[in-house]
Amino acid sequence: MKRAIFPGSFDPFTVGHESIVLRGLDIFDEIVVAVGVNADKRCMFSTERRVEFIETVFADRPQVSVSTYEGLTVDFAKEIGCSHILRGLRTSADFEFERAIAQVNRQMTGIDTVFLLTTPEHTPINSTIVRDILRHGGDASLFLPQRIRGLVRW
Ligand code: ADP
């Protein structure tokens, strides 16, 4: 059984994130969406709410679970029995950033990272833009998974 971890801040979870998880299920039997908790990073939504959003999105998919973690992603991946890290790639900037981390992770632990290229319609979407829209009272529903459109409010 192949189990992957999909780590991120998910502040908040977007249709881009959802798409990577759903496509990841064609490759992996189980995916753990892991919300990284970083005391130095100020988030718009609390860890609990970010977890609640993701659990709601995948309520009908028992192959997807949600966890929180602190510290190194590879340490947590090993702890919960994940052989792979799943990440999305939007741009060449994403690639350059992710490349070094993935190579170091593999060197340290043997855990490989699997990258899925974003679908064209999701390439411009990121959580920062969604937060800006919400902060200014705009309608971000186009960028939020259908099940949490009414839930993600600022
Ligand atoms: P991080 O802070 O670790 O980058 P994010 O929550 O921003 O966390 O993203 C988590 C993962 O989701 C990353 O692999 C990122 O590349 C991917 N991702 C973010 N936005 C999109 C998108 N619009 N389409 C596909 N993948 C995305």
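The numbered points below describe a predicted model of a single chain, moving from the overall fold to particular helices and residues.

1. Overall fold. The chain contains 5 helices and 5 strands, and when one reads along the sequence these elements follow the pattern β-α-β-α-β-α-β-α-β-α. The radius of gyration of the chain is 15 Å, close to the 15 Å that the globule rule gives for 154 residues, so the chain is as compact as a globular protein of that length. Along its principal axes, the C-alpha trace spans about 45 × 35 × 30 Å.

2. Burial, contacts and surface. Of the 154 residues in the chain, 42% count as buried. If one takes the contacts between residues at least 6 apart in sequence, 77% of them join residues at least 24 apart. The chain exposes about 8,500 Å², and carbon and sulfur atoms supply 50% of that area.

3. Charge. The chain carries 18 positive and 20 negative side chains, and the centres of these two sets lie 2 Å apart.

4. Helix α2. The buried residues of α2 are Thr 47, Arg 50, Val 51, Phe 53, Ile 54 and Val 57. They cover an arc of only 160 degrees around the axis, which puts them on the same side of α2. A general feature of helices is relevant here: an α-helix has 3.6 residues a turn, so residues three or four places apart point the same way. As for what this set of residues meets, the buried residues of α2 pack against α1, against β2 (residues 30–36) and against β3 (residues 64–69).

5. Thr 47 as a single case. Thr 47 lies in helix α2, which runs over residues 47–57, and with a relative accessible area of 17% this residue is buried, because the cut-off for burial is under 20%. Leaving aside residues up to four places away in sequence, Thr 47 touches Val 35, Val 37 and Thr 68.

6. Helix α5. In α5, which covers residues 127–135, the buried residues are Ser 127, Val 130, Arg 131 and Leu 134. Seen down the axis of α5, these buried residues fall within an arc of 100 degrees, so they line one face of the helix. The buried residues of α5 pack against α1, residues 15–24, and α1 is also among the elements that the buried residues of α2 pack against.

7. The loop between β1 and α1. Which peptide bond is cis, with omega near 0 degrees? The bond in question is the one from Asp 11 to Pro 12, and Pro 12 has its place in the loop between β1 (residues 3–8) and α1. Phe 10 lies in the loop between β1 and α1 as well, and its phi is near 50 degrees, a positive value in a residue other than glycine. Is Phe 10 buried or exposed? At 3% relative accessibility, Phe 10 counts as buried.

8. Gly 81. The place of Gly 81 is in the loop between α3 (residues 73–79) and β4 (residues 84–89). With a relative accessible area of 49%, Gly 81 is partly exposed, because a residue has to be over 50% to count as exposed. Gly 81 and Thr 109 are 28 residues apart along the chain, and their C-alpha atoms are separated by 13 Å.

How values were computed
Residues are numbered from 1 along each chain as its sequence is written. This is a predicted model: local features need pLDDT of at least 70, side-chain atom pairs count only at pLDDT 80 or more; totals for chains, interfaces and linings use all residues. Side-chain values use heavy atoms; hydrogens and water are left out. Helices (H or I, at least four residues) and strands (E, at least two) are DSSP runs, numbered from the N terminus. The radius of gyration is taken over C-alpha atoms; the globule rule is 2.2 Å times the number of residues to the power 0.38. Buried means under 20% relative accessible area, exposed over 50%, partly exposed in between (1.4 Å probe, protein chains only). Contact means heavy atoms within 4.5 Å. Accessible areas come from the Shrake-Rupley method with a 1.4 Å probe; for residues, only the protein chains shown count as cover. Lys and Arg count as positive and Asp and Glu as negative; His and the chain ends are not counted. The place of a charge is taken as NZ of Lys, CZ of Arg, CG of Asp or CD of Glu. The arc is that of the directions from the helix axis to the C-beta atoms.
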